Amino acid sequence: MDAEHVGPDERYTEARERMVRQQIEERGIRNEAVLAAMRAVPRELFVPESYRPFAYDDSPLPIPAGQTISQPFVVAYMIAVLSLGPDDHVLEIGAGSGYAAALLSRIVREVYTVERHGELARYARERLAEAGYDNVWVKHGDGTLGWAEHAPYDGIIVAAGGPSVPESLRAQLAAGGRLVMPVGRSRHQQHLILLTRISEDDYTEERLAPVAFVPLIGDEGW
């Protein structure tokens, strides 16, 4: 088809496939469920309209409340390290625009996501509903406290950096469950850590990669 006659939907589809191939697969992500979700979820629906032409760029993008939607590779990497399955029950801290929750919803049974900015919680809820993702629940609240009502969780993904993993989140992780979170002494520079709950009182922790996330604000964060 001539490029001049390719509609916006086709352009986004092509850009999405290119993103998955060049930004995700070529950087080592091999988890088939994650790759399929990245191909299926339209990132352009989760950014402000003026930024839609840049939806598949290899970079973060601005969203309401002065926040950002993370670089696609970072989202894919964090989801992949959780090794999630179709019957899993996942908690996300920092709903943002709803994009990561939408990806998770294609991989697991249920997604619960907490967002401290009321404006963003509404934004995410509206985008998810418009796109038809009906196994995601969005709550406006303090993400450092988790969402105890639906615990325990097989996976927890934290999209903001804190000085340590909040005790509430550790407690809400199921035995055998995994948590991925940016942790560091700086509010703006962290390392991703992967926490696995081995038993009621025992956890293992693995240091993954240096990252720079917004600070995790709340009773058990900064």
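Okay, so before anything else, one term: a pocket here is an open set of grid points with protein on both sides within 12 Å along at least five of seven lines, and a lining residue has an atom within 4 Å of a point. Keep in mind that we're looking at a predicted model.

With that in hand, let's go to the largest pocket. It's lined by 36 residues, and the ones nearest its centre are Thr68, Ser70, Ala159, Phe213 and Val214. The space inside comes to about 690 Å³. Which elements give two or more residues to that lining? Those are β2 (67-69), α3 (72-80), β3 (89-93), α4 (99-105) and β4 (110-115). And on chemistry, the lining of this pocket splits into 22 nonpolar residues, 11 polar and 3 charged.

Right, on to the rings. There are 6 aromatic pairs in the structure, and I'll walk you through two of them.

Take Phe46 and Tyr133. Their centres are 6.4 Å apart with 35 degrees between the planes, and the pair is classed as tilted. Stacked would need planes under 30 degrees apart, and edge-to-face over 60, so a tilted pair falls into the rest. Where do the two rings sit? Phe46 is in the loop between α2 (32-40) and β1 (61-63), while Tyr133 is in the loop between α5 (118-131) and β5 (136-140), so this pair ties together parts that are 87 residues apart in sequence. As for burial, Phe46 has a relative accessible area of 0%, so it's buried. Tyr133 is buried too, at 9%.

Now the other one, Tyr112 with Trp137. This pair is stacked, 5.1 Å centre to centre and 15 degrees between the planes. Here the rings come from strands: Tyr112 lies in β4 and Trp137 in β5, so the parts being tied together are 25 residues apart in sequence. Buried or exposed, what is Tyr112? Buried, with a relative accessible area of 6%. Trp137, on the other hand, is at 36% and counts as partly exposed. These two rings also belong to a cluster: ring pairs link Tyr112, Trp137, Trp147 and Tyr153.

Last bit, for anyone who likes charges over rings. Arg27 lies over the face of Phe73, at 5.5 Å from the ring centre. And Arg43 does that with Tyr99, over the face of the ring and at 5.7 Å from its centre.

That's my tour, thanks.

Definitions and conventions: Residues numbered from 1 in each chain as written. Predicted model: local features only at pLDDT ≥ 70, side-chain atom pairs only at ≥ 80, totals over all residues. Heavy atoms only, no water. 1 Å grid on protein atoms, 1.4 Å probe; cavity = no way out; pocket = protein on both sides within 12 Å on 5 of 7 lines; lining within 4 Å. Points joined across faces, edges and corners; volume = space filled by probe spheres on them. Helix = DSSP H or I, 4+ residues; strand = E, 2+ residues; numbered from the N terminus. Nonpolar A, V, L, I, M, F, W, Y, C, P; charged D, E, K, R; others polar. Phe/Tyr/Trp six-rings, centres within 6.5 Å; stacked < 30°, edge-to-face > 60°. Buried < 20%, exposed > 50% of the residue type's maximum accessible area, 1.4 Å probe, protein only. Lys NZ or Arg CZ within 6 Å of the ring centre and 35° of its normal.
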